[in-house]
Structure formats: structure tokens, C-alpha cells
Amino acid sequence: MKIQGKLFIWLSVFILAVAVVYGYWSKEPVGTTALFMAFGLAIMIGFYLAFTARRVDVGAQDDKEADVADDAGEVGFFSPHSWQPLALGLGGAFAFLGIAVGWWLVYFSAPILLIGLFGWVFEYYRGENRTQ
């Protein structure tokens, strides 16, 4: 994780330099704002990865002498048959469509978003998948 943290921190430095140069030369506020926001996102991710790397064990990606097999093993648990991302995606699509079409559509998409979100978070708390 140390490598990823350093990569994002250096990326944020580069984006900051590009944002300053772009803002000075173009005098265009939208692109300059977008570049400064990209800088903020990159520095947040880089700080998080660098901060977390100090608290976890050294991974195989941080060892220069590591083999590919050193990083093998279980990565995590991923739901094999969940319908909740579909509801969340549809609700999000309708919400963003509401920005373009009309704000009234956001009111109809909010319940779909909430059902998808709560269903996804709590799908392993009850029902047949409770023991997983």
C-alpha cells in the first residue's frame, strides 16, 4: 500500500501543477475548478493509502523480492447473486436523469435508491443468506 499511496500523492502534485498552469493560461474557470477538484480527490486517496499503510502489515506489492504467489489467497467475500446493485443503479440513473429532465424525477428515484442501498447493506442480515 505504500507504493499506491506514493503514486497518488505524486499524481496529486502533478495535477496541482497542471491546474495552476491551466488556470493561469486559459482563464477558464470550469476546467480550472475541475482540475483543483481532481487534485483534492487524488490527495485524499493518497493520504488515506499512505496513512493506512502504516497500520497494516507489509504486503507483497511492497516487497521488491516478492513473487506473484506471495500475494495469493482469499481477497474477501463478494456476493454471488445480489439484485440490489440493479436497484441502486436504476435509482442512480433516474436521479441523474432528473437533473437533465426535471427535478421532479429525483423525488421518484429517491425511494428506489434507498431500497437498493438498504437492501444491499442488510441483505445478509436476514433470509436464506443470514448465515454467510
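## A four-helix protein model

Trp104 lies in helix α4, and this residue is one of those that make up a nonpolar surface patch of about 1,100 Å². The model described here is a predicted one, and in it the protein has 4 helices and 0 strands. Followed along the sequence, the order of these elements is α-α-α-α. The radius of gyration is 21 Å, well over the 14 Å that the globule rule gives for 132 residues, so the protein is more spread out than a compact globule.

**Overall form**

- Taken along the principal axes, the box that the C-alpha atoms of the protein fill is roughly 50 × 50 × 20 Å.
- Of the 132 residues in the protein, 20% are buried, while the accessible surface comes to about 10,500 Å², with 71% of that surface belonging to carbon and sulfur atoms.
- Among the contacts in the protein with a separation of 6 or more, 58% join residues that are 24 or more positions apart.

**The nonpolar surface patch**

- The residues that make the nonpolar patch are Trp83, Leu86, Leu90, Phe94, Leu97, Val101, Trp104, Tyr107, Phe108 and Ile112.
- The elements that give two or more residues to this patch are α3, which covers 84-101, and α4, which covers 104-121.
- The largest share of the patch comes from α3, which supplies 5 residues.
- As background for reading such a list, an α-helix has 3.6 residues a turn, so residues three or four places apart point the same way.

**Ser12 in helix α1**

- Helix α1 is formed by residues 2-26, and Ser12 lies in this helix.
- Ser12 has a relative accessible area of 0%, and because buried means under 20%, this residue counts as buried.
- When residues up to four places away in sequence are not counted, Ser12 touches Phe39, Ala42 and Ile43.

**Helix α2**

- Helix α2 is made of the 25 residues 29-53, which at 1.5 Å a residue should span 36 Å, and this agrees with its end C-alpha atoms, which are 36 Å apart.
- The buried residues of α2 are Gly31, Thr32, Ala42, Gly46, Leu49, Thr52 and Ala53, and what covers them includes α1.
- Ala42 therefore appears twice in this picture, as a buried residue of α2 and as a residue that Ser12 of α1 touches, where Ser12 is itself buried.

Conventions: Residues are numbered from 1 along each chain as its sequence is written. This is a predicted model: local features need pLDDT of at least 70, side-chain atom pairs count only at pLDDT 80 or more; totals for chains, interfaces and linings use all residues. Side-chain values use heavy atoms; hydrogens and water are left out. Buried means under 20% relative accessible area, exposed over 50%, partly exposed in between (1.4 Å probe, protein chains only). Contact means heavy atoms within 4.5 Å. Patches are made of residues with over 30% relative accessible area and no salt bridge: like charges are joined within 9 Å, nonpolar side chains (Val, Leu, Ile, Met, Phe, Trp, Tyr) within 5 Å. Accessible areas come from the Shrake-Rupley method with a 1.4 Å probe; for residues, only the protein chains shown count as cover. A salt bridge is a side-chain nitrogen of Lys or Arg within 4 Å of a carboxyl oxygen of Asp or Glu. The radius of gyration is taken over C-alpha atoms; the globule rule is 2.2 Å times the number of residues to the power 0.38. The expected span of a helix is 1.5 Å times one less than its number of residues.
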